[in-house]
Amino acid sequence: MELSQRGRLMPASPIRRLTPLADAAKARGTQVYHLNIGQPDIPTPPEMLDALRNFREPVLAYGPSSGLAETRAAMAGYLQDLGWPIAPSEVLVTEGGSEAILFAMNAICDTGDEILVFEPFYTNYSGFACMAGVTLKAVETRVEDGYHLPAREVIEAAIGPKTRAILYSSPGNPTGTVFTPAEVAMLVDLAVKHDLYVIGDEAYREFAYDGRTATGVLGVASEAGAMDRAILIDSISKRFSACGARIGFLVTQNAGVLDAALRFGQARLCPPTLEQYAAVAGYGLLQKYVPPMIEEYRRRRDTVMAGLRRIPGAVCAVPEGAFYVQPRLPVGDADAFAQFLLNDFSVDGRTVMVAPGNGFYATPGKGREEIRIAYVLKEADLDVAMGLLVRAVETWNARRADAT
Ligand SMILES: Cc1ncc(COP(=O)(O)O)c(C=O)c1O
């Protein structure tokens, strides 16, 4: 029996692809430090877990397809506090930001349409694009520029007759880059000029360091009179260390897009019910919970950077936000290096797992010498993991030198 073209082309997640090798290493008794996946270790607020436990209804019933009224109100209230005039009716609760991205793509694109992205980009954009029959048109950003945007003309040159939207994440995964207000304004302006949607993925909004504030697509679009083009992707996964809740939201003032997304939502009936109550509890804790967590990640970032600076030839700007860094390492083939870490390397029974950087690019061959590190471990563990990485690069390069 044949598979569909989509079934064949759907990419495996580069973040999880090497998991069988990690499992084999663990079976050999090796301790693996996971820097490959953005699964935060910070405890979820207990009040959110209490909200799950305190559910007292006799039936765990389907909820509304657009989300529970109190959840939409909490999300809209959160956005209003950021200064954006969003009504609860303009918020669609989704199964994670992931579903919001998929709904957005499906609502605005036909098969063969293009969405502009900046590579390296959040790798699952490729999977969602495959599911939606969309082609990602990638504009390169460079590690030397801290993965900030290239000149306006470069981006404009990539816009063609099939381009329907610009999609970006800021604070960025895998780059850690926080686009400046001028960069977001440029993207909104390009969207206006070329009649495009602009999709801002702000799953890491609060994760901005050194006094930075992430610029929101809704604020910029509102000032530019372009609210009908703006689609916000948001999520509680990282903000409340609640990835397993599977609660995100899509926000737009474009009534057509919202209505189409809702009809996609009706097909999957409703987002998770219990977890929506947990989300409501979370939004009541924002001021208490989030700032200390961000400070913890900032310290972790500094630990990772201190480790990277010990690798001669590593290229990496200090990440400005999120909890990722995508350095270029002098290892030749980072995919082979990532496999070596799991197959052939350990010090005192310990090794480290990273995501090969090429999986965050659409253009074949790019990101070949890059890895992505998610700094989601405690500082002491990160320190050990970075020490292992430094040793691994030395060992790997000594072997390569011997082989030639
Ligand atoms: C940039 C970005 N967008 C969206 C998501 C999806 O998150 P979720 O579906 O858990 O809300 C992630 C998850 O890592 C992400 O990094």
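**Notebook: domains, ligand shell, helix pairs**

I started with the domain split: domain 1 covers 5–43 + 289–399, and domain 2 covers 47–286. I note that this is a predicted model.

**Entry 1. Between the domains**

I looked up the separation of the two domains. The C-alpha centres of domain 1 and domain 2 are 26 Å apart. Next I checked who takes part in the contact. Domain 1 puts in 40 residues and domain 2 puts in 37 residues. I then asked which elements of domain 1 supply at least two residues to the side that touches domain 2. I found helix H1 (5–9), helix H12 (286–308) and strand E9 (324–325). H12 gives the most to that side, with six residues. I also sorted this side of domain 1 by class. It has 24 nonpolar, nine polar and seven charged residues.

**Entry 2. Around the ligand**

I moved on to the ligand. There are 13 residues around it. I looked for the ones that come nearest, and they are Gly 96, Gly 97, Ser 98, Ser 235 and Ser 237. By class, I get nine polar, three nonpolar and one charged residues in the shell. Which helix gives the largest share of this shell? Helix H5 (residues 96–108) does, with three residues.

**Entry 3. H5 against H10**

I stayed with H5 and looked at its packing on helix H10 (residues 255–267). Their axes are 9 Å apart, and the angle is about 120°. Angles of 65 to 115 degrees would count as roughly perpendicular, and those over 145 as roughly antiparallel. H5 and H10 are therefore oblique to each other. I noted the handedness too: H5 passes H10 in a right-handed crossing. From H5, the contact uses Phe 103, Ala 104, Asn 106, Ala 107 and Ile 108. From H10, it uses Val 257, Ala 260, Ala 261, Phe 264 and Gly 265. By class, I have eight nonpolar, two polar and no charged residues in the contact of H5 with H10.

**Entry 4. H2 against H13**

I looked up a second helix pair, helix H2 (residues 19–27) and helix H13 (residues 334–343). Their axes come within 8 Å and cross at roughly 20°. Since angles under 35 degrees count as roughly parallel, H2 is roughly parallel to H13. I listed the residues that meet. H2 brings Leu 21, Ala 22 and Ala 25, and H13 brings Gln 339, Leu 342 and Asn 343. I count four nonpolar, two polar and no charged residues by class in the contact of H2 with H13.

Definitions and conventions
Residues numbered from 1 in each chain as written. Predicted model: local features only at pLDDT ≥ 70, side-chain atom pairs only at ≥ 80, totals over all residues. Near = placed C-beta within 6 Å. Helix = DSSP H or I, 4+ residues; strand = E, 2+ residues; numbered from the N terminus. Nonpolar A, V, L, I, M, F, W, Y, C, P; charged D, E, K, R; others polar. Axes fitted to C-alpha atoms, helices over the stretch in contact; angles between N-to-C directions. Left-handed = near helix turned anticlockwise from the far one by under 90°. Contact = placed C-beta atoms within 7 Å. Domains from an automatic or database assignment.
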